[in-house]
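Work through the exercises below with the sequence and the model in view. Try each task before reading its solution.

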Amino acid sequence: MEPLPVAPTKDCAVIHRLAANLVLLVHLAVVLFAVFGGFGILVSSRWPWYHLPVVIWSSAVNLAGWTCPLTPLENRFRAAATGQGYEGGFIQHYIGAVVYPGGMPRRLELVAGIGILVWNALVYGFACWWLSR
């Protein structure tokens, strides 16, 4: 026997909204970790094993124009809570919308992808110099 379909309740909407916000916070943490995580090498020499894969992933997503899997997950939860998600990726929606109200140009995604690699090369270079003094 098939279960009867259940209409979403207000409690379900709250749970879905909380889940979407949790995914948003995790997404933000990943972005911040990709940008600032290189400084962790000053604490532990094992740090790059955790940080560099995130840098490579972040750069690849921007350079290839991919959508991070966290974006559709957040959208799914938002749609379940309110009936609406959003178009594009995390950066385009939350950051690009502030900087570029008409939409984030592809050129900026390429700059972000290359910039994260260059920035982290500089951070690791500085950290190696600092640790070798």
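## Ground rules

This is a predicted model: local features need pLDDT of at least 70, side-chain atom pairs count only at pLDDT 80 or more, and totals for chains, interfaces and linings use all residues. Residues are numbered from 1 along each chain as its sequence is written, and side-chain values use heavy atoms, with hydrogens and water left out.

## Exercise 1: The overall chain

Task: State the secondary structure of the protein chain and where the mean pLDDT is lowest and highest among its elements.

Solution.

Step 1. Start with the elements. Helices (H or I, at least four residues) and strands (E, at least two) are DSSP runs, numbered from the N terminus. The protein chain has five helices and zero strands. Along the sequence the pattern reads α-α-α-α-α.

Step 2. Turn to confidence. pLDDT is the predictor's confidence in each residue, from 0 to 100. The chain has a mean pLDDT of 81, and 75% of its residues reach 70 or more. Among the elements, helix α4 (residues 90-99) has the lowest mean, 58. Helix α2 (residues 47-64) has the highest, 94.

Step 3. Look at burial. Buried means under 20% relative accessible area, exposed over 50%, and partly exposed in between (1.4 Å probe, protein chains only). Of the 133 residues in the protein chain, 28% are buried.

Step 4. Add the contacts. Contact means heavy atoms within 4.5 Å. Take the contacts between residues at least 6 apart in sequence: 64% of them join residues at least 24 apart.

## Exercise 2: The salt bridges

Task: Find how many salt bridges the structure holds, and describe the partners.

Solution.

Step 1. Apply the cut-off. A salt bridge is a side-chain nitrogen of Lys or Arg within 4 Å of a carboxyl oxygen of Asp or Glu. Side chains of opposite charge can pair when their charged atoms come close. The structure holds two salt bridges.

Step 2. Take Arg 78 and Glu 74. Their side chains meet at 2.9 Å, N to O. The two are four residues apart in helix α3 (residues 70-82), so about one helical turn separates them. Arg 78 is buried at 17% relative accessible area. Glu 74 is buried too, at 0%.

Step 3. Take Arg 106 and Glu 109. Their closest N and O atoms are 3.0 Å apart. Both lie in helix α5 (residues 106-132), three residues apart, about one turn of the helix. Arg 106 is partly exposed, with 35% relative accessibility. Glu 109 is buried, with 10%.

## Exercise 3: Helix α2 and its partners

Task: Which residues of α2 are buried, and what do His 51 and Ser 59 contact?

Solution.

Step 1. Size the helix. The expected span of a helix is 1.5 Å times one less than its number of residues. α2 has 18 residues and reaches 26 Å from its first C-alpha to its last, close to the 26 Å expected.

Step 2. List the buried residues of α2. They are Pro 48, His 51, Val 54, Val 55, Ser 58, Ser 59, Val 61 and Asn 62.

Step 3. Follow His 51. His 51 has a relative accessible area of 0%. Setting aside neighbours within four places in sequence, His 51 contacts Phe 33, Ala 34, Gly 37, Gly 38, Asn 120 and Tyr 124. Asn 120 and Tyr 124 are among the buried residues of α5.

Step 4. Follow Ser 59. Ser 59 is buried at 3% relative accessibility. With neighbours within four places again left out, Ser 59 contacts Gly 113, Ile 116 and Leu 117. The side chain of Ser 59 reaches the backbone oxygen of Gly 113 at 2.7 Å. That is a polar contact: a pair of N or O atoms within 3.5 Å; within protein, one must be able to donate a hydrogen and the other to accept it, and residues adjacent in sequence count only if both atoms are side-chain atoms.

Step 5. Finish at the end of the helix. Ala 64 is partly exposed, at 40%. Ala 64 and Leu 110 are 46 residues apart in sequence and 8.3 Å apart in space, C-alpha to C-alpha. Just after α2, Gly 65 takes a positive phi of about 75°.
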